[in-house]
Amino acid sequence: MQLDKKGFEELLREKGLKVTAQRIAVLSALSDRPDSHLTAEEIYELVKVSSPEIGLATIYRTIQILLELKIIDRIYLDDGYVRYELGHVYEDEDSHHHHHLICVKCGRVMSFQGDLLEEFEKRIEKETGFQIQDHDVKLYGYCVNCLKK
């Protein structure tokens with residue numbers, strides 16, 4: 001899921017956005033840490049290392065624009081924080097849907113890929129006429145490390 005700077009620039013142009021250092025920096029922070037599920041404040045801390053002049057308000061505005069264009073996704077992992085990750089725009093047609101495993105003991109969040117609900121979604125659409133646009137799966141349990149303890 002990691003893209004380089006040129007890939008980000010192309011994507012922003014395709015979406016009709018001006019390429020700015022702030023937008024590239026936010027996308028790079030998320031791309032460099034695909035399993036971190038960063039908060040706006042964590043993105044800010046990462047970006048200000050290379051761009052100390054950037055403000056938190058700029059990070060929030062950038063996040064909002066990228067969310068509206070579905071370049072990034074907002075996720076809630078039931079820890080009281082709003083988190084962000086690169087959106088499905090980076091996945092090709094053959095890729096699997098992205099879901100999360102959450103350890104109820106240590107709070108570790110792991111990502112996994114899978115199309116586990118495709119048949120179920122098709123059945124729902126056929127039986128109800130409801131057109132599903134997206135889904136989010138969070139599975140709660142114990143990670144390997146907590147099980148060993």
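**Exercise 1. Find how many salt bridges this predicted model holds, and work out which parts of the chain the Glu42 pair ties together.**

Solution.
- Step 1: Searching the whole structure, which is a predicted model, gives six salt bridges.
- Step 2: Take Glu42 and Arg83, whose side chains meet with N and O at 3.5 Å. A salt bridge calls for a side-chain nitrogen of Lys or Arg within 4 Å of a carboxyl oxygen of Asp or Glu, and this pair is one.
- Step 3: Now place the two partners. Glu42 belongs to helix H3 and Arg83 to strand S2, so the contact ties together parts 41 residues apart in sequence.
- Step 4: Look at the cover. Buried means under 20% relative accessible area, so Arg83, at 12%, counts as buried. Glu42 has 34% and is partly exposed.
- Step 5: Widen the view: Asp79 joins Glu42 and Arg83 in a network of salt bridges.

**Exercise 2. Compare the placing of two further salt bridges, Asp78 with Lys138 and Glu119 with Lys122.**

Solution.
- Step 1: In the first pair, the closest N and O atoms of Asp78 and Lys138 are 3.6 Å apart. This pair links distant parts of the chain, 60 residues apart: Asp78 sits in the loop between strands S1 (72-76) and S2, and Lys138 in strand S5.
- Step 2: Asp78 is exposed at 56% relative accessibility, while Lys138, at 24%, is partly exposed.
- Step 3: In the second pair, the side chains of Glu119 and Lys122 meet at 3.7 Å, N to O. Both lie in helix H5 (residues 118-128); being three residues apart, they are separated by about one helical turn.
- Step 4: Glu119 is exposed with a relative accessible area of 57%, and Lys122 is partly exposed at 48%.

**Exercise 3. Build the open sheet that contains S5, strand by strand.**

Solution.
- Step 1: Write down the order: three strands, S4-S3-S5, with mixed pairing. Strands S4 (109-113) and S5 are at the edges with a single partner strand each, so one side of each has no neighbour in the sheet. On average, neighbouring strands are turned by 25° against each other, direction ignored.
- Step 2: Sort out the directions. S3 (residues 98-103) runs parallel to S5, joined by four bridges, whereas S3 and S4 pair in the antiparallel sense over five bridges.
- Step 3: Use His100 as a landmark: it stands opposite Lys138 in S5 and opposite Ser111 in S4.
- Step 4: Follow the hairpin of S3 and S4. Five residues lie between the strands, and Gly107 there has a positive phi near 85°.
- Step 5: Finish with the surface. Tyr140, in S5 (residues 138-141), has 43% relative accessibility and is partly exposed. Together with Val104, Tyr142 and Leu147, Tyr140 forms a nonpolar surface patch of about 450 Å² accessible area.

**Exercise 4. Which residues have the most contacts inside the largest nonpolar core, and which elements contribute to this core?**

Solution.
- Step 1: The core has 24 residues, and Ile43, Ile63 and Ile72 have the most contacts inside it.
- Step 2: Two or more residues come from each of helices H1 (5-14), H2 (21-32), H3 (40-50) and H4 (56-68), and from strand S2 (82-86). H2 gives the largest share, six residues.
- Step 3: Set this against the whole chain, which has six helices and five strands and 149 residues, 38% of them buried.

Notes: Residues are numbered from 1 along each chain as its sequence is written. This is a predicted model: local features need pLDDT of at least 70, side-chain atom pairs count only at pLDDT 80 or more; totals for chains, interfaces and linings use all residues. Side-chain values use heavy atoms; hydrogens and water are left out. Patches are made of residues with over 30% relative accessible area and no salt bridge: like charges are joined within 9 Å, nonpolar side chains (Val, Leu, Ile, Met, Phe, Trp, Tyr) within 5 Å. Accessible areas come from the Shrake-Rupley method with a 1.4 Å probe; for residues, only the protein chains shown count as cover. Buried means under 20% relative accessible area, exposed over 50%, partly exposed in between (1.4 Å probe, protein chains only). Two strands pair if DSSP finds at least two bridges between them. Axes are lines fitted to C-alpha atoms, for helices over the stretch in contact, and angles run from 0 to 180 degrees between N-to-C directions. A nonpolar core is a set of buried Ala, Val, Leu, Ile, Met, Phe, Trp, Tyr and Cys residues joined through side-chain atoms within 4.5 Å.
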